Every structure is written in C-alpha cells, then in structure tokens.
Amino acid sequence: MIAYLSFELIVQLVVNGILYGTIYGIAAIGLSLIFGTMRIIFLAQGTMIILFTYFGYWLLELAGIDPFVSLLIVVPLSMIIGVLLYRSLFKESAEMDDKNASLLLAVGIMFLVNNLMLVMWSANPRMANTAYTEVVFSPMGITIPFTRLIALGLAILSAGLLTLFLKKTYLGMAVRAASENMLYATLVGINPHRVNTVAFAIGIGLAGVAGIGVLQIVPFDPFFGFTFALKALIALALGGIGSVFGALMGGILLGLLESLGSFFVGGGWAEAVAFGAFLLVLMFRPEGLFVRSVKKA
Amino acid sequence: MENLLLEVNGIDVFYGDVQALANVSIQVEQGAIVALVGANGAGKSTLLKTIAGVKQPSRGDILFQNQPLCGRRAEQVANMGIVLVPEGRGLFANLTVLENLKLGAYPVKARAHLQESLNRAFELFPVLKERVSQKAGALSGGQQQMLAIARALMAMPDLLMLDEPSLGLSPLISKEIFELIHTLNERGTTILLVEQNVNQALKIAQNAYVMKTGSIEMQGSGLELLANPEVQEAYIGKRWSKT
C-alpha cells in the first residue's frame, strides 16, 4: 500500500475528506440547534436529510428542476415541515422535564419517515445525474468533483448565514440564550415555544440543504438516514455542542478520519476509526475539540 | 391601601408533596422597597418564583396592577413588567455583556427604548461599558450582579424582584449593591427584595415581611422590624444590632 503513496494521493484524501465532511457538518449544525433549545438528540435528522434528497430527486426526475435550483423549493419546504413538526408533535413534550418523550417522538418519526420512503421509493439505491454530475476540476493532479465543490460552498454559506442570524438578530440572540438556560431565557421574556420553533425550522431547513448536497454525491437509499444521523452526532461530539463553527469543523474532521482511515486502515474500517475517535474525544475532551468553554455565571 | 402594585392573597405552593408556601399574603405598594427576610428554606425564593410565573400556586391568587397573574407563564409575566433577578443572577455566561443587556430589553415595549436604556445602564454602571464585548461569565461576582440588575432594568420593569443580590459578594461590594438598590428606588423603581443580609435589607425597606417555614411570621416597616427584639435575636444577632 505504501508503495502507491504519493503527495498527490494524500492531498486527494484530505480534499475528499473535507468535501464530504462538510455535509456531516451541516447535519451536525442542525442537531446542535435543536439540542440547544430542546435538550434532545433529534435522531430523525438523518432520515429527514434523505427525505429531502428524495424530494430533490423527484423534482429532478419528474419536473426536470436542477438540484441546486430545487434548493429554492426544498429549503423553504423543509423549514415549514420543521415548524409543523414542532407545533404538532413536540410542543407538548418540550414542556416536560423528562426528555424521554421528545426523544421517543424523534425515534418514532425516524421509523415512520424511513418506512414511508421505503414504500414510495423502494430500497434500491439511487443517485441523481445531471449534465454536470461528472464534471471535475483537476488542479495539480487532484480530482475535485464540481458537485462536491458546490456542496462545500453551500455548507459554508449556510453556516455563515446562520452565524449572522444567531449573532446579529434579536431572535438569534434569544435562541442562543435559550440554549444556555431556558429558565433564565423565559425570565427575560423569551417564549420557549418561539425559540424551539425557530430551532426546528432552521434545523430541518439545514436538513434540506444537506439533502440536496447528498443528491449528486453518493448513492442513497432510505436506510442511509440513520447512519447519517449517527455520523452527525459524532461530528457534533467532536466539534462541541453550541457552536456553529465547531459543528462544521467536527463534520470536516469526521470526513477526514473516514477518508484517511479507509485508505490507511482499510475500507471496512472507516467507521471503526470514526467511532474510535468519537470514544477518545468523549473520554478526554467531552466538551468537544473546538469549544472554549466558559464557566457558568 | 392606595397605589397597590402587587397583591398576593393566601397562596399555597407545593413542590411535589412538600408544601413550600402556606397561606402567604403580601402587598407591594407602587414605588416602595419591600423586603422578604427569613432563614434558609423559609420560602422566600419560592414566593418570588411564584410571582414570576415559574411556579404556580395551588390555592390563592396574585394580582398585579389589578390583573390576575395566576396561570400565566414566566415569559408572559416578564412581558407584563415584572422582572426577577434569580438567585445565581440568571446571566447567559457565554453571551457578551452587551448581548445580555440587549436581551434584557426583549419585551416588545422595552425594545423600542433600547438605546436610551443602554445609555442609562452605562451611566449607572460605567464598569459594564468598559466590558461590553466580554463574556458575562468572565466578569467578577460583583460585576455579574451589576450586570444582572442592569439587564433587569433594560426591561423597564414596573416591579423589580431581586433574589439574594448580595450573596457571595464581599462586604464592600455588597454595600455598593444596597446603595444601588436604594438609588434605583429613589428613581422610581418598585423593588421586592429577598435577602439573607437582614440588617441591610431592613434598613432600606419601607415595608418588610419575615418568613418562617413557608408562612409570613411578622410584618411591619423595615425600621420597626429592625428594632424588634425577636427579629434581632433570630436573624441579626446582638453584636450587630447596636450599630
């Protein structure tokens, strides 16, 4: 194996890792937001991502809408679905001190959507093809697929917009305050349902972005979602909860681990490397790698 | 009584099966400082939390400006003009000083006056102006308490409730906080104050209630209670009572 090793190859592995990891990052940011205000891991996040991948797939196959144009439909739609999910299912359970009800709801949604997708689209793996799916850039002997580059751009753009929202608007500040302490947030007059709704809208909206990102990058099937949610969870743990930047970096780090791990350790071990890193981080730096924690006031 | 701002009428509050408040009634007049004193576990904080809508009473009612508060959620009570600075100060440690202050003006009617409120806060607390971009968690204890009070004022509250504002502060800083409370009151803020520092609290309070195991034990003006031998014995201690 070492005989094949060249500088270009290493760079290629790193580039692949970064390009793929940003999708994990976007999924992790969504998880992080929902966890922030609701204190639950929204396990259905990965399944929602794949649902939106199928939406994009349908828009392409049935209506001929380019995947990146379909973002304009899928993202608003996914945000509305996020609002409806919260208002119809989570509003009651969010009030309870016991978080198990919310967690079980998330798991229930995961199974429901999973099987719904199975009925509608079968278990056959699919992948979208457009005129530019095969387009690659080759700077200095490295292969960079055009679609992955766009996915990277989308990830950075959404992370940037979200950061602006969280830092510069009153509502965004309220979301951050509620993530830190919901009781204190209500004492300054913040309505918990309002911030939870916003967290769900943005979290599921990001699932829409990630879903379209996946569409042309890897073959997907309905079961892909659960693995994806686990990966997002690992990315979140690596990066640290409560920071958009941290979650994105966690995703990229996970992408790198998988890419380099599958080459150096062997394809079948990629996930073992990722989970191993997850355990190590939880053991030695449970607050995450990219978070500077401030002691409680 | 005239100009009654807040009226608590015979409330019972339970934590599970444990009764924390039994038949508690208090009144707060517009423009007054009212102190609640008593030992740990007497139910002082529970009373503030119940007024703030964090806990709901199982019996009795609470009227604020003649409107019933019972059944309202904490954020609704805050939007009505009652702000609680909880024990532990309730700051958002990872947010900056400025962000904490801005969030204080979250209620819609306060947000319209954001800039003037900020200017007023910086005039009252020059130290906060120097530290606007620092995280609240990085401030010292005294500065955090100042920030907590400054943030509460950003809401332009009709009633400011302070839970143990001097807790964990040095005597010097603690004295500053009491002077501040006095100043705020002179400028027109009505204050409901819970304090362990009975001596200081009774000195600045027009009216005070002594609580014991979930009930009101005594009531009177601050100076009356301060002179009361029972109060001196139980809460102040002879050594300090002469000063």
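1. Start with strands β1 (residues 4–15) and β4 (residues 59–64) of chain B: these two run antiparallel and are joined by five bridges. If you want one pair to look for on screen, find B:Glu7, which sits opposite B:Leu63 in β4(B). Keep in mind that this is a predicted model.

2. Now step from β4(B) to its other partner. Strand β5 (residues 67–68) of chain B is joined to β4(B) by two bridges, again antiparallel. Here B:Phe64 faces B:Gln67 in β5(B). The hairpin made by β4(B) and β5(B) has two residues between its strands, and B:Gln65 has a positive phi there, near 50°. That's a nice spot to check if you're learning to read backbone angles.

3. On the other side of the picture is β2(B). Eight bridges tie β1(B) to β2(B), and this pair is antiparallel too. A handy marker is B:Ile11, which stands opposite B:Val24 in β2(B).

4. So what order do the strands take in the open sheet of chain B? Reading across, the order is β2-β1-β4-β5, four strands with antiparallel pairing. The edges are β2 (18–29) and β5 of chain B, each of which pairs on one side only. Helix α1 (residues 44–52) of chain B packs on this sheet and touches β1, β2 and β4 of chain B. The direction of that helix makes about 70° with the direction of β2(B).

5. Chain B also has a parallel pair. Strands β6 (residues 82–85) and β7 (residues 159–163) of chain B pair in the parallel sense, over four bridges. One bridge matches B:Ile82 with B:Leu159 in β7(B). Look at which way the side chains of β6(B) go: B:Ile82 and B:Leu84 point one way, B:Val83 and B:Val85 the other. Are these four residues buried or exposed? All of them are buried. As background, strands of a sheet pair through backbone hydrogen bonds, either parallel or antiparallel, and chain B lets you look at both kinds, with β6(B) and β7(B) parallel and β1(B) and β4(B) antiparallel.

6. Over to chain A, which has 11 helices and two strands. From the N terminus, its elements go α-α-α-α-β-β-α-α-α-α-α-α-α. Along the principal axes, the C-alpha atoms fill a box of roughly 60 × 50 × 35 Å. A compact globule of 297 residues would have a radius of gyration near 19 Å, and chain A agrees, with 19 Å.

7. How is the inside of chain A put together? Of its 297 residues, 50% are buried. Take the contacts in chain A between residues at least 6 apart in sequence: 77% of them join residues at least 24 apart. For an example of sequence distance against space, A:Thr163 and A:Phe245 are 82 residues apart in sequence, yet their C-alpha atoms are 8.4 Å apart. A:Thr163 belongs to helix α5 of chain A. It is partly exposed, because 16 other C-beta atoms lie within 10 Å, and the buried class needs 20 or more.

8. Next, where the two chains meet. Here 18 residues of chain A are in contact with 27 residues of chain B. On the chain A side, the elements giving two or more residues are α6 (170–180) and α7 (182–187). The most comes from α6(A), with five residues. Sorted by class, this side of chain A has 10 nonpolar, four polar and four charged residues.

9. Helix α6(A) deserves a closer look. Eight of its 11 residues are buried, so α6(A) is largely enclosed by the rest of the structure. The buried ones include A:Met173, A:Val175, A:Arg176 and A:Glu180. What covers them? The cover includes α1 (7–38), α5 (146–168), α7 and α8 (192–215) of chain A, together with α3 (97–104) of chain B. In other words, part of the cover comes from the partner chain.

10. Finally, zoom in on α6(A) and α3(B). Their axes come within 10 Å and cross at roughly 105°. That makes α6(A) roughly perpendicular to α3(B). The residues that meet are A:Met173, A:Ala174 and A:Ala177 from α6(A), and B:Glu99, B:Lys102 and B:Leu103 from α3(B). By class, this contact has four nonpolar, no polar and two charged residues.

Notes. Residues numbered from 1 in each chain as written. Chains lettered and ligands numbered in written order. Predicted model: local features only at pLDDT ≥ 70, side-chain atom pairs only at ≥ 80, totals over all residues. Contact = placed C-beta atoms within 7 Å. Nonpolar A, V, L, I, M, F, W, Y, C, P; charged D, E, K, R; others polar. Buried ≥ 20, exposed ≤ 12 C-beta atoms within 10 Å, placed from the backbone. Pairing = 2+ DSSP bridges. Axes fitted to C-alpha atoms, helices over the stretch in contact; angles between N-to-C directions. Parallel < 35°, antiparallel > 145°, perpendicular 65-115°, else oblique. Rg over C-alpha atoms; globule rule 2.2 N^0.38 Å.
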